[in-house]
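Colleague: I would like a close look at a single part of this model, followed by whatever in the surroundings helps to place it. Please take your time over the answer.

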Amino acid sequence: MHKKMAFSFPDEVLEHVFSFIQSDKDRNSVSLVCKSWYEIERWCRRKVFVGNCYAVSPRMVIKRFPEFRSIELKGKPHFADFNLVPDGWGGYVFPWIVEMAGAVPWLEEIKLKRMVVTDESLELIAKSFKNFKVLILSSCEGFSTDGLAAIAASCKNLKELDLRDCEVDDLSGHWLSHFPDTYTSLVALNISCLGSDEVSLSALERLVGRCTSLKTLRLNRAVPLDKVANILRRAPQLVEFGTGTYAAELRPDVYSDFAGAFSSCKELKSLSGFWDVVPDYLPAIYPVCSKLTSLNLSYATIQSPELIKLVSHCPNLQRLLVLDYIEDSGLEALASSCKDLQELRVFPSDPFGVEPNVSLTEQGLVAVSSGCPKLQSVLYFCRRMSNEALVTVAKNCPNFTRFRLCIIEPRTADYLTLEPLDVGFGAIVQYCKDLQRLSLSGLLTDRVFEYIGTYAKKLEMLSVAFAGDSDLGLHHVLSGCESLRKLEIRDCPFGDKALLANAAKLETMRSLWMSSCAVSFGACKLLAQKMPRLNVEVIDERGPPDSRPESCSVDKLYIYRTVAGSRFDMPPFVWTMEDDPSLQLS
Amino acid sequence: MELQLGLALPTTPFSPFGYELKQGPFHNNGSCSSSSSSSGGSNKRRGGFDEDTRVVPKTLRLLLWNTNQRNGEDDDPNDLDDHSSSAILKNGGEGLVGWPPVKAWRKKLRRHVHNGRANNNRMAAAAAGNNSCGGRAFSNSTYVKVKMEGNAIARKIDLSVHRSFESLTSTLKRMFDISEEQWRKSFKLAYQDREGDWLLAEDVPWRTFIRSLKCIKLVRS
């Protein structure tokens, strides 16, 4: 019997082959082939992705992948975006930075989502990684402009600083001045989240002027329109630009200055910002519209006629974010002008109003589905829907990968038939075979979950609110959706049975969130006991769950698989099940 | 009652397609919104199909925000005070939390649109200063922490729905379960400002309070 493998390339050759494999999934598969491939792969993995920062410890990651250069971490559950996760829940990045500072000195990239980042963490990053290049903080919080100053001052090779949707303690606009005069390597800067009234405009202008490779610049609201011209003139090579406030006195000299600066940017493909839009200033961007592929007007409070004019100038648009001021008529115009549209997000201008303030209905969605054959990703807030419309949309767009519908009033029925919207969403999952992400709304019974469990075989993320009748609904999803990784549920009558009956499924998923449902504390304890590789965390601000009867429902439940055991940083309102002495069963 | 815990698909009682034919296309318990009360609601779901004939109206209004009908132009910001007392509220006066699912910064934009003010950045002022309120920045959020002296658990309150001390204290009393008498006798409203100093809210006008506050504390006098 041969001792050697049938083929035996030197490690270097395999490593070279593996370097062409970027996807994490593929790399994970590679590492399962045999021990030597596992070893070679782990030494040459350069990008690590950790979808849940509590699923693994920093030491474990570093031990397995000693030579990574880029790390992406995600912290809080998605529903934290909507204030469902109390402050202090967790998601601290500092322990990761500490471990990496010592063991991974050549780290170049850190990408974080929904994590708590302190100034101390930023200062440690600035100090520890000599070749640091990319910092992307998405929906993070806990730091101030002091931390940013440390990054600016020390990271000589920084290329990207992106603070999308972060909450920053804005102490001073002067952090920008901490970039030394010799620093020129900036390629992308996104400070759109900064709220301060003081942004050091002169420092910004100088920075933009000397960074000739700058391709992406997203300003914050505090930058006035009449200053934007100066900035744009220094960066005609920009590909992505976010304006500051888009309001100014209607003065011809200001307008022509601004319009002139804009038209000198021949490479622009993506625009955003547009706070406080004064419609008369919109034509200034018409010259660049024909090349635009991405347009974010979700802060622009302009009405349908102006929006229609604008989108009709953008035949190459692939991505549009807009407020529901666009109305059905605007979406019809969009459908006829923008045949390359792939992604559409329509946000509510008045989310808490009971009566509709705009004429945006299911018709707009149907129009876009019919006119835009490449449409793949939709986020749509509206106030009425029908099964008929959903079936039409499903048939028009079998290529959907993401479909998120939010009918603003919970449990709203089909407005034509007064029936539940089960059949409509059923059509979506049946026709859209590649659907990866789905958010439900409206009046829904267990039947919709039966459809989802039957058809949504590629579904990875499902968001459910105010839906279903019984545990059967949850059971359909957990037992049927083979690709399910993330499930988040609020205000549904799902309880213990489906959860316990599908306990093993939970280990195949990243996480499950259930709030205001009917899962009892007793079931949580049982689940935790039976499934040691799951962390079962009860979030309850009413006090310890064992101060109430075991049959009492928990307020919020977050379950995730982990190889790192219970976490150490839980706040007082988060309970893990492990410490319960009553779990010591023989 | 034995809970069935299976590692494979369970054999009973969930035969996926059999059951629901028995109960018809639409069977809504309507009680899922109150699951956080201590009624031990999960017992009711045993088997899932008891003869529960509670039927709720098909569009159940969980959020009655506007009892005064707004017609666009007549949008008086003070109207919101009336709404907070007549709306169906959860969470001590804050409405249905997290619904509709719009991110916090979008809510802020919405306030801008309605109040028509050029810069509604009151909360941005609350961001600076020491972090004894817990190292959290609030520059884009309208939520502030509220603690009651003697109570370990901090709550959060959305200041954007309040326009006066009356409205705020009314909500706080409800949130912490303090009666009118108790409030008058033993509590005072204090807040920590940008510079980290603790002040009594009764000493300052509402505008000043809103602009400079970082977090709130109910202190016993």
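In which strand of chain A is A:Lys113 found?

Modeller: Please keep in mind throughout that this is a predicted model. A:Lys113 is found in strand S3 of chain A, and with a relative accessibility of 29% this lysine counts as partly exposed. If residues up to four places away in sequence are left aside, A:Lys113 touches A:Leu73, A:Lys74 and A:Gly75, and also A:Ser138 and A:Cys140. Its C-alpha atom is separated by 15 Å from that of A:Ile97, a residue 16 places away along the chain.

Strand S3 (109–113) also has a part in covering a neighbouring element, since the buried residues of helix H6 (residues 119–128) of chain A are covered by a set of elements that includes helix H5 (94–103), strand S3, strand S4 (134–138), strand S5 (141–144) and helix H7 (145–154). H6(A) is mostly covered, with seven of its 10 residues buried, and these are A:Asp119, A:Ser121, A:Leu122, A:Leu124, A:Ile125, A:Ala126 and A:Ser128.

Two loop residues of chain A deserve a careful look at the backbone. Most residues other than glycine have a negative phi, and most peptide bonds are trans. A:Asn83, in the loop between strand S2 (70–74) and H5 of chain A, nevertheless has a positive phi of about 65° although it is not a glycine. A:Asp165, which lies in the loop between strand S6 (160–162) and strand S7 (167–169) of chain A, likewise has a positive phi, near 60°, and this aspartate is partly exposed, with a relative accessible area of 26%.

As for the cysteines, the count of disulfides over all chains comes to zero. A:Cys193 is in no disulfide, the nearest cysteine sulfur being that of A:Cys166 at 5.3 Å, and A:Cys193 is buried at 7% relative accessible area. The sulfur of A:Cys481 is 14 Å from the closest cysteine sulfur, which belongs to A:Cys432, and this is too far for a bond; A:Cys481 is buried as well, with a relative accessible area of 0%.

Elsewhere in chain A, helix H13 (residues 327–337) and helix H14 (residues 362–371) have axes that come within 8 Å and cross at roughly 0°, so the two helices are roughly parallel to each other. On the H13(A) side the contact is made by A:Asp328, A:Leu331, A:Glu332, A:Leu334 and A:Ala335, which meet A:Gln363, A:Gly364, A:Leu365, A:Ala367, A:Val368 and A:Gly371 in H14(A). The residues of this contact divide into six nonpolar, three polar and two charged.

For residues 9–50 of chain A, an unreviewed UniProt entry lists "domain: F-box"; in the model the end C-alpha atoms of this span lie 31 Å apart, and the span is 60% helix and 10% strand.

Chain B can be added for context. Eight of the 11 residues of its helix H4 (residues 165–175) are buried, so this helix is largely enclosed by the rest of the structure; among the buried residues are B:Phe165, B:Leu168, B:Leu172 and B:Met175. Just after H4(B), B:Asp177 takes a positive phi of about 60°. In the loop between helix H2 (79–86) and helix H3 (104–115) of chain B sits B:Pro100, and the peptide bond leading from B:Trp99 to B:Pro100 is cis, with omega near -5°.

Technical notes
Residues are numbered from 1 along each chain as its sequence is written. Chains are lettered from A and ligands numbered from 1 in the order in which they are written. This is a predicted model: local features need pLDDT of at least 70, side-chain atom pairs count only at pLDDT 80 or more; totals for chains, interfaces and linings use all residues. Side-chain values use heavy atoms; hydrogens and water are left out. Buried means under 20% relative accessible area, exposed over 50%, partly exposed in between (1.4 Å probe, protein chains only). Helices (H or I, at least four residues) and strands (E, at least two) are DSSP runs, numbered from the N terminus. A disulfide is a pair of cysteine sulfur atoms within 2.5 Å. Axes are lines fitted to C-alpha atoms, for helices over the stretch in contact, and angles run from 0 to 180 degrees between N-to-C directions. Angles under 35 degrees count as roughly parallel, over 145 as roughly antiparallel, 65 to 115 as roughly perpendicular and the rest as oblique. Contact means heavy atoms within 4.5 Å. Ala, Val, Leu, Ile, Met, Phe, Trp, Tyr, Cys and Pro count as nonpolar, Asp, Glu, Lys and Arg as charged, and the others, Gly among them, as polar. UniProt positions are given in the numbering used here, feature names are shortened, and annotations may be inferred rather than shown by experiment.
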